[in-house]
Amino acid sequence: MKTIGLIGGLSWYATSVYYTTLNQLTNRRLGNAHSAKLLLFSVDFEEVRLLQEGGDWKAIETMLSTIALQLEQAGADCIILCANTVHLVADTIRQKITIPLLHSAEVTAKEIGRQNMTKVALLGTKFTMENPFFSDRLSQFGITTLLPDEADRAYIHASIFNELTKGIFNEDTIHKYTEIIDTLKRSGAEGVVFGSAELALLLKPTDCSLPIFDTIAIHAKAAVDFALAN
């Protein structure tokens, strides 16, 4: 079994789901008392949040590249970033390490393709929705991305940072998200990508009028597939 290197704390709520999912999937595959071999470096999310708000993505890239190198030197065989937003600097991190970085958008695009969908809604932080690093990966697989309107994007971004990354999950927020998803469905979306890892903690599949693509579940499965490959 290969060792998976996790860069987490982005937020720690999402990272805890990654940790649980990776171990559950490994145990289902191998049985007995097996669990995943993991190296976790969990950052202080407040430091990253302030850099994001200030637009200092160079500092974020330097921080995460340094961590990725430390995990590689400690014995990690691959790297996963436990948040979609920081994949904005994933390509640069890849250039700094010699082990694979498993990209959330790439493995999500493959899963959408397996389900024969060509048009999906994307929900996440404004960085994920408004920068091309995620949607471009989908377009490489022939998948069109639909985004909420500007007001809804602002609402989603604020709710992620003010509520979800703090572990606050309330019914009003769930209701607002379901309205946004319904609107995107009427615009032609065949599925909805949870482009912020915390969204899977807020919304269940039964809350949504569209099939969901939970990036934590998809990303974790890809990491386990890598770790257990011969």
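The following questions and answers concern a predicted model and the grounds for several structural terms applied to it.

Q: Why is T26 called buried?
A: T26 has a relative accessible area of 2%. Buried means under 20%, so T26 is classed as buried. The residue belongs to helix α1, residues 12–30. Leaving aside neighbours within four places in sequence, T26 is in contact with M1, G31, S35, A36 and V224.

Q: Why is N32 called exposed?
A: The relative accessible area of N32 is 75%. Because exposed means over 50%, N32 is classed as exposed. N32 is located in the loop between α1 and β2 (38–42), and has a positive phi of about 50 degrees although it is not a glycine.

Q: What makes N116 exposed?
A: N116 has a relative accessible area of 67%. The cut-off for exposed is over 50%; therefore N116 is exposed. N116 lies in the loop between α5 (104–114) and β4 (119–123), and its phi is positive, near 60 degrees, in a residue other than glycine.

Q: Which residues of α8 and α9 meet, and how do they divide by character?
A: From α8, D152, Y155, I156, S159 and I160 meet D172, T173, K176, Y177 and I180 of α9. The residues of this contact comprise five nonpolar, two polar and three charged. Tyr and Ile count as nonpolar and Asp and Lys as charged, so Y155 is among the nonpolar residues and K176 among the charged ones. Helices α8 (residues 150–162) and α9 (residues 171–186) pack at an angle of about 145 degrees, with axes 11 Å apart, and the crossing is left-handed.

Terms used: Residues are numbered from 1 along each chain as its sequence is written. This is a predicted model: local features need pLDDT of at least 70, side-chain atom pairs count only at pLDDT 80 or more; totals for chains, interfaces and linings use all residues. Side-chain values use heavy atoms; hydrogens and water are left out. Helices (H or I, at least four residues) and strands (E, at least two) are DSSP runs, numbered from the N terminus. Buried means under 20% relative accessible area, exposed over 50%, partly exposed in between (1.4 Å probe, protein chains only). Contact means heavy atoms within 4.5 Å. Axes are lines fitted to C-alpha atoms, for helices over the stretch in contact, and angles run from 0 to 180 degrees between N-to-C directions. A crossing is left-handed if the near helix is turned anticlockwise from the far one by less than a right angle, and right-handed if clockwise.
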